[in-house]
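Subject: Structure for your review

Dear colleague,

Please find below the structure that I am handing over to you. A summary of what was found in it follows directly after.

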Amino acid sequence: MTKDTKEIIIRTLLNIASESQKVTIEEISKRSHITRTTIKNNFKSGVPGIVEYIYLNIVDEVNERLLQYNCEDVTIELLADLLLPVLWQHKEEAHIIFGSQLPLRLIGPISDRTWKWAEKHFNSLIKKHGLANYFTAQELLRYFNAQLITVLTLWLEADIPIAYEKFRPKFIFFMSTPINELIFKGTK
């Protein structure tokens, strides 16, 4: 499949999802004038495969920037500076993916793509915090990614997401504040 054909399929899927319509291969085929067979041959798992392709392209762009640093050297501020501009650049796709009913399994693919980079750091965190009897380092990375995705979803699923520069302090706040302090602070 040519890059143009993939782009047509992706744009068609995003247009359908933005209209809050049910996204199916049949509807994509009808609107894009690309046969269902061609779509299925290139995205074997159908609509979930197309959504994952879109999302992982964004993840790859973030990783291209992120993986230039040692995992241990990445602060929450640096993560914000690397991650938020890329998501803002892809805000249309990200808004639709995060805010629609599109099928997307977020945590696994992200963890898999960053594991080798983060392995040493997350293994040391498991030892440092005495978590070895409870969690693996990969599970701890998935936990971090789940929190990250939750915070990003709060931002990107808004009808009109605020500019990333204005969201940056909120991102840092939510990523730095323990959930019990955020919700239960001052309650007894």
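Helices H5 and H9 are oblique to each other. The reason lies in the angle: their axes cross at roughly 135°, and an angle that falls outside the ranges for roughly parallel, roughly perpendicular and roughly antiparallel (over 145) therefore counts as oblique. H5 covers residues 76-89 and H9 covers residues 164-176, and the two axes come within 10 Å. The crossing of this pair is right-handed. Please note that all of this refers to a predicted model.

The contact between the two helices can be listed residue by residue. On the H5 side, the participants are Ile 76, Glu 77, Leu 79, Ala 80, Asp 81, Leu 83, Leu 84, Pro 85 and Trp 88. They meet Tyr 164, Phe 167, Arg 168, Phe 171, Ile 172, Met 175 and Ser 176 on the H9 side. By residue class, the contact of H5 with H9 comprises 12 nonpolar residues, one polar residue and three charged residues.

The aromatic residues deserve a separate paragraph. Five aromatic pairs were found in a search of the whole structure. One of them is formed by Phe 167 and Phe 171, with a distance of 6.3 Å centre to centre and 55° between the planes, a tilted arrangement. Both residues belong to helix H9, where they lie four residues apart, or about one turn of the helix. Phe 167 and Phe 171 are both buried.

Another aromatic pair consists of Phe 173 and Phe 174, which are edge-to-face, at 5.3 Å centre to centre and with 70° between the planes. Phe 173 has a relative accessibility of 41% and so counts as partly exposed. Phe 174, at 29% relative accessibility, likewise counts as partly exposed.

Phe 167 and Phe 171 also belong to an aromatic cluster, together with Trp 88 and Trp 155. Among these residues, Trp 88 is part of the H5 side of the contact described above, while Phe 167 and Phe 171 are on the H9 side.

As for the protein chain overall, there are 10 helices and zero strands, so that the pattern along the sequence reads α-α-α-α-α-α-α-α-α-α. The chain has 188 residues, of which 40% count as buried. Considering contacts between residues at least 6 apart in sequence, 65% join residues at least 24 apart.

With kind regards

How values were computed:
Residues are numbered from 1 along each chain as its sequence is written. This is a predicted model: local features need pLDDT of at least 70, side-chain atom pairs count only at pLDDT 80 or more; totals for chains, interfaces and linings use all residues. Side-chain values use heavy atoms; hydrogens and water are left out. Axes are lines fitted to C-alpha atoms, for helices over the stretch in contact, and angles run from 0 to 180 degrees between N-to-C directions. Angles under 35 degrees count as roughly parallel, over 145 as roughly antiparallel, 65 to 115 as roughly perpendicular and the rest as oblique. A crossing is left-handed if the near helix is turned anticlockwise from the far one by less than a right angle, and right-handed if clockwise. Contact means heavy atoms within 4.5 Å. Ala, Val, Leu, Ile, Met, Phe, Trp, Tyr, Cys and Pro count as nonpolar, Asp, Glu, Lys and Arg as charged, and the others, Gly among them, as polar. Rings of Phe, Tyr and Trp (its six-membered ring) pair if their centres lie within 6.5 Å; planes under 30 degrees apart count as stacked, over 60 as edge-to-face and the rest as tilted. Buried means under 20% relative accessible area, exposed over 50%, partly exposed in between (1.4 Å probe, protein chains only).
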